[in-house]
Amino acid sequence: MTDDALAGAGDRRHLLQHYLPYGGLAVSLVLAVSLGPRSAPFLAAAVGLSAATAVWLRTMGVDYPVPAERRVRAVVFYAGLTVLIALLLALTPFFGFFGFTGYMQVAVLPRALRPPAVAVNAALMATTQVGGIANLHGGTVWVYLGLVAVNVLIAGVITHQSIEEDTRNRQRARMIDQLADANRRLRETMEENAGLHAQLVTQAREAGVLDERQRMAGEIHDTIAQGLTGIVTQLEAAERFDADPLRRARHRALAQRLAREGLAEARRSVQALRPGPLDEAAHLPDALGDLAERWSQTSGVKVRVEVTGTPVPLSPALEVTLFRTAQEGLANIAKHARASRAGLTLSYTHDVVLLDVLDDGAGFDAEAGGGPGTGQSYGLTAMRHRLRQVGGTLAIESAPGDGTAVSASVPALPLTPPAPVGDDGV
C-alpha cells in the first residue's frame with residue numbers, strides 16, 4: 001500500500017488519535033484551573049497529572065492499525081491511559097472533556113478487549129455526568145448505573161461503527177492501490193507485448209520475404225533455367241544435323257515448344273499458380289505421365305512411369321511438390337547422369353505418398369555428400385526445402401557407375417472435398 005493511499009484511509013483516525021486528545025486535555029486543564037478549587041495541592045495535582053498524561057500519549061502512543069510486533073505495547077498503553085483518565089476524573093469532573101479519549105484509543109486493542117475497555121471508559125465518563133465520584137451515594141447510584149448503560153450502548157455502537165468504517169476505508173484504499181499496481185504492470189506488459197508484436201511482425205515480414213525469394217528461386221530454377229537448358233540442348237542438336245533438314249527442323253520445333261512452355265510456366269510462377277501440366281491433367285499420375293513423355297522427347301532417354309496403390313487427389317501443395325521433385329530429378333538425369341533409361345514410380349499408401357526417380361547412369365558418391373554436377377547442387381537443395389515445407393523427406397541412393405535413386409516422401413493428405421449441400425440449401 002502506498003503512502004498516499006494509507007494517508008487517505010487513515011486521516012481521520014490519525015487526527016483523532018494524535019491531535020484531539022491534547023486539545024481535550026488542554027480544555028479540561030483550563031476549566032479545572034479556572035473553575036476548580038484554588039488550593040495549591042489541587043492545582044499541583046491537576047497540572048502534574050495533565051503533564052504525565054501528555055508525556056504518556058507522546059511516548060507510549062501506538063498508531064492504528066497496530067503492527068503484530070507492537071500489540072503488547074498497545075495493551076500497556078491503553079491500560080496506562082485508562083488509569084490516568086480515572087485519576088484525572090477523580091480529581092475533577094472537568095477532565096471529562098479528555099475522558100472521551102478512551103473511546104478513540106480503543107481501536108488499538110485486540111478485538112476481544114475492546115468491549116470491556118468501552119465499558120470501563122463508559123463507567124468513568126458516567127461519573128462526570130453525575131457531578132463527580134463524590135455524588136455516588138443514595139439514589140444517585142441508580143442514576144449512575146443507568147448512565148453507564150446508556151454510555152456503553154451509545155459509545156459502543158459509535159466506536160464499533162467508527163472502527164469498522166476505518167477498516168473498510170483502509171481495505172478499499174489497499175484494493176485501489178493493488179488495482180493501480182496491477183494496471184501499471186498490465187500497462188508495462190502491454191507495452192512489452194506491443195514491442196514483441198512489432199518484432200514478430202518484422203520477423204514474419206522478413207521470413208515472408210525470404211520464403212518468397214526462395215519460392216521464386218525454385219520456380220526460376222524449375223522453369224526458366226531448365227527450359228533454357230532444354231532449348232540450348234535442342235539448338236545445339238539442330239546445329240549437328242545441318243545435313244539432315246528433317247532432324248534439324250524437329251530439334252528446332254522442340255526448342256520453340258520448350259520456349260513457349262517455359263514462358264507460360266514463368267508467368268504462372270510469378271502468379272504463384274500450379275504448374276501447367278498439373279492444371280491440364282486430372283490427377284498427379286497423368287501430369288507425371290505427360291512430363292515423362294515430353295522429357296523423353298527432348299532428352300532422347302526412355303522413361304517408364306509406374307503407379308502403385310490407389311491414386312487419390314492430394315492437396316495442391318503436395319502435388320506441386322511431388323511434380324517439381326520429378327521435374328528436377330529428370331532434369332538432373334538429362335544434365336549429369338548420361339543414362340540410357342529412367343523411371344518414375346508413384347506409390348500411394350495409407351500414410352504417405354512416395355515418388356522414386358531412377359536412372360541407370362553414371363551415379364555419384366551420395367555418402368560423401370556429392371551431387372549431380374559440381375558438389376551439392378541447388379536442385380537437390382531446392383528439393384529438400386520444398387519437401388520440408390510440406391512435412392516431407394528426401395532420400396538419395398547412388399554410387400559411381402550404379403545409377404541414382406531419388407526418393408521423396410510426403411504425408412498422404414487428400415484434397416478435402418466440398419461439403420455436400422442439402423435440399424434445404426444448408
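**Group meeting: two helices and a few strands**

Okay, let's start right after helix α7, at Gly-131, where phi is positive, near 95°. Keep in mind that what you see here is a predicted model.

Now α7 itself, which covers residues 114-129. How far apart should the ends of its 16 residues be? At 1.5 Å a residue, the expected span is 22 Å, and the end C-alpha atoms sit 23 Å apart, so the two agree. Plenty of this helix is tucked away: the buried residues include Arg-114, Ala-117, Val-118, Asn-121 and Met-125.

On to the strands, with β3, residues 352-359, as our main character. In general, side chains in a regular strand alternate between the two faces of the sheet. Here, Val-353, Leu-355, Val-357 and Asp-359 point to one face and are buried. Val-352, Leu-354, Asp-356 and Leu-358 point to the other face and are not buried.

Who are the partners of β3? One is β2, residues 341-348, which pairs with β3 in the antiparallel sense over 7 bridges. These two make a hairpin, with 3 residues between them, and Ser-347 stands opposite Leu-354. Another partner is β5, residues 404-411, again antiparallel, over 8 bridges. There, Val-352 faces Pro-411.

Last stop: helix α12, residues 316-337, which holds Arg-324. Is Arg-324 buried or exposed? Its relative accessibility is 2%, and buried means under 20%, so Arg-324 counts as buried. Its side chain also has a polar contact of 2.7 Å with the side chain of Gln-327.

That's my tour, thanks!

Conventions:
Residues are numbered from 1 along each chain as its sequence is written. This is a predicted model: local features need pLDDT of at least 70, side-chain atom pairs count only at pLDDT 80 or more; totals for chains, interfaces and linings use all residues. Side-chain values use heavy atoms; hydrogens and water are left out. Helices (H or I, at least four residues) and strands (E, at least two) are DSSP runs, numbered from the N terminus. Buried means under 20% relative accessible area, exposed over 50%, partly exposed in between (1.4 Å probe, protein chains only). A polar contact is a pair of N or O atoms within 3.5 Å; within protein, one must be able to donate a hydrogen and the other to accept it, and residues adjacent in sequence count only if both atoms are side-chain atoms. Two strands pair if DSSP finds at least two bridges between them. The expected span of a helix is 1.5 Å times one less than its number of residues.
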